[in-house]
Number of protein chains: 2
Amino acid sequence: MERKGLIQIYTGDGKGKTTSAIGLIVRALAYNFKVCYIYFHKEPKIWEYGEHKILKILGVDIFGFAKTHPHFFKNISKEEIRKECLEGLNFIKKIFQENKYDMIILDEILISLRDGFLEEREILELLDSKPKNLELVLTGRGATDVLIEKADLVSEIKKIKHPYDKKIKRREGIEY
Amino acid sequence: MERKGLIQIYTGDGKGKTTSAIGLIVRALAYNFKVCYIYFHKEPKIWEYGEHKILKILGVDIFGFAKTHPHFFKNISKEEIRKECLEGLNFIKKIFQENKYDMIILDEILISLRDGFLEEREILELLDSKPKNLELVLTGRGATDVLIEKADLVSEIKKIKHPYDKKIKRREGIEY
């Protein structure tokens, strides 16, 4: 399919970054886009019962990297997580070269940047190697000014209110 | 299923309100929620080929009200559109009473409020009649302070950048 693919970023502290990306996937699938969803720092045991299950049924290819994060797992070195993030980057570069997708989501990759597992220049380099036709979507808190400048579309999702503030716990089917 | 359902609002001028709602639906479906998607001011001819098609395949019930809007159709009176919005409200109240859904999306209903087709008190009254277990999601620019106060979760999606600003037209599979 011939089209110009853009770079989209969903950042900010509010609920709606990953769900926006999932919604974009659904819309793209309706027009027969070939979609790949790649996530960082997400425990597959939780997510494979959630949205990943439905995306798989819909024909989306799913890959995860750096599935651990110090927030959830202690005793994991920063170097180890950085290594897994770099494996992710290399994998993405490889599928960029194969150029077989119309849309790729890099869910929470901006957390890798924010928490110092990846450097800004490494993500910029990745963006520079994006196939022209590919719609690329990055999510996560921690978009930098340089990345915002580089992107074509940026939405900042601001938390006005969240039930966590009232000590309401994460709810199955809603938060995960 | 026994759970306390909350009221979520996605508002603001950025891209990501409807797609967030679609993403929420996908997550909810993974846990076998029964989901209903109701939209306002959206031309079905456009959307039935997009995300609505996939949602239908996934078993979501879809209904649309006030499918016209002065922005797209001239020669439609405000009174006529208000009438259609009120039909929507009555329909929603009816399905609230039947209480057969775990999640209901009211996509762009806040536009009905912003553009004067519905009054704030009418939406508040609707929220007050929500079944306790129902997760209710409202989207659209134009959430008022009173509605924000009433909701449990509010995300404001701010436009930092959008390709429309560079005169890039709406793209099939991405914007619709």
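Visitor: How do β1(A) and strand β6 of chain A pair, in the parallel or the antiparallel sense?
Guide: In this predicted model, β1(A) runs parallel to β6 (residues 153-161) of chain A, and four bridges join the two.

Visitor: Which residue in β6(A) is the bridge partner of A:Ile9?
Guide: That's A:Val154.

Visitor: What about β5 of chain A, how many bridges there?
Guide: Four bridges: β1(A) also pairs with β5 (residues 135-139) of chain A, in the parallel sense. One spot to look at is A:Tyr10, which sits opposite A:Thr139 in β5(A).

Visitor: And β1 of chain A itself, is it mostly covered or mostly open?
Guide: Mostly covered. β1 of chain A spans residues 7-11, and four of those five residues are buried.

Visitor: OK, switching to the dimer side. How many residues does each chain put into the contact?
Guide: Chain A brings 45 residues and chain B brings 45 residues. On the chain A side, α1 (17-30), α3 (51-57) and β6 each supply at least two residues.

Visitor: Which of those gives the most?
Guide: α1(A), with twelve residues on the side that touches chain B.

Visitor: What's the mix of residue classes there?
Guide: On the side of chain A that touches chain B you get 22 nonpolar, ten polar and 13 charged residues.

Visitor: Back to β6. In what sense do β6(A) and β6 of chain B pair?
Guide: Antiparallel, over seven bridges, with residues 153-161 making up the chain B strand. To find your place in that pairing, take A:Glu156: its bridge partner in β6(B) is B:Lys158.

Visitor: What rotation superposes chain A on chain B?
Guide: A turn of 180 degrees, with 0.0 Å of shift along the axis, and the RMSD comes out at 0.0 Å. The two copies are therefore related as by a two-fold rotation axis. Both copies use the same surface, too: 100% of the contact residues of chain A recur in chain B.

Visitor: Now for α1 of chain B. How far apart are its end C-alpha atoms?
Guide: They're 21 Å apart. Helix α1 of chain B has 14 residues (17-30), so at 1.5 Å a residue it should span 20 Å, and the two values agree.

Visitor: Why call α1(B) largely enclosed?
Guide: Because 14 of its 14 residues are buried, the rest of the structure largely encloses α1(B). A residue counts as buried here when 20 or more other C-beta atoms lie within 10 Å of its own.

Visitor: What does B:Asn32 do just after that helix?
Guide: B:Asn32 takes a positive phi, about 60 degrees, just after α1(B).

How values were computed. Residues numbered from 1 in each chain as written. Chains lettered and ligands numbered in written order. Predicted model: local features only at pLDDT ≥ 70, side-chain atom pairs only at ≥ 80, totals over all residues. Buried ≥ 20, exposed ≤ 12 C-beta atoms within 10 Å, placed from the backbone. Pairing = 2+ DSSP bridges. Contact = placed C-beta atoms within 7 Å. Nonpolar A, V, L, I, M, F, W, Y, C, P; charged D, E, K, R; others polar. Least-squares fit on C-alpha atoms with pLDDT ≥ 70 in both. Expected span 1.5 Å × (residues − 1).
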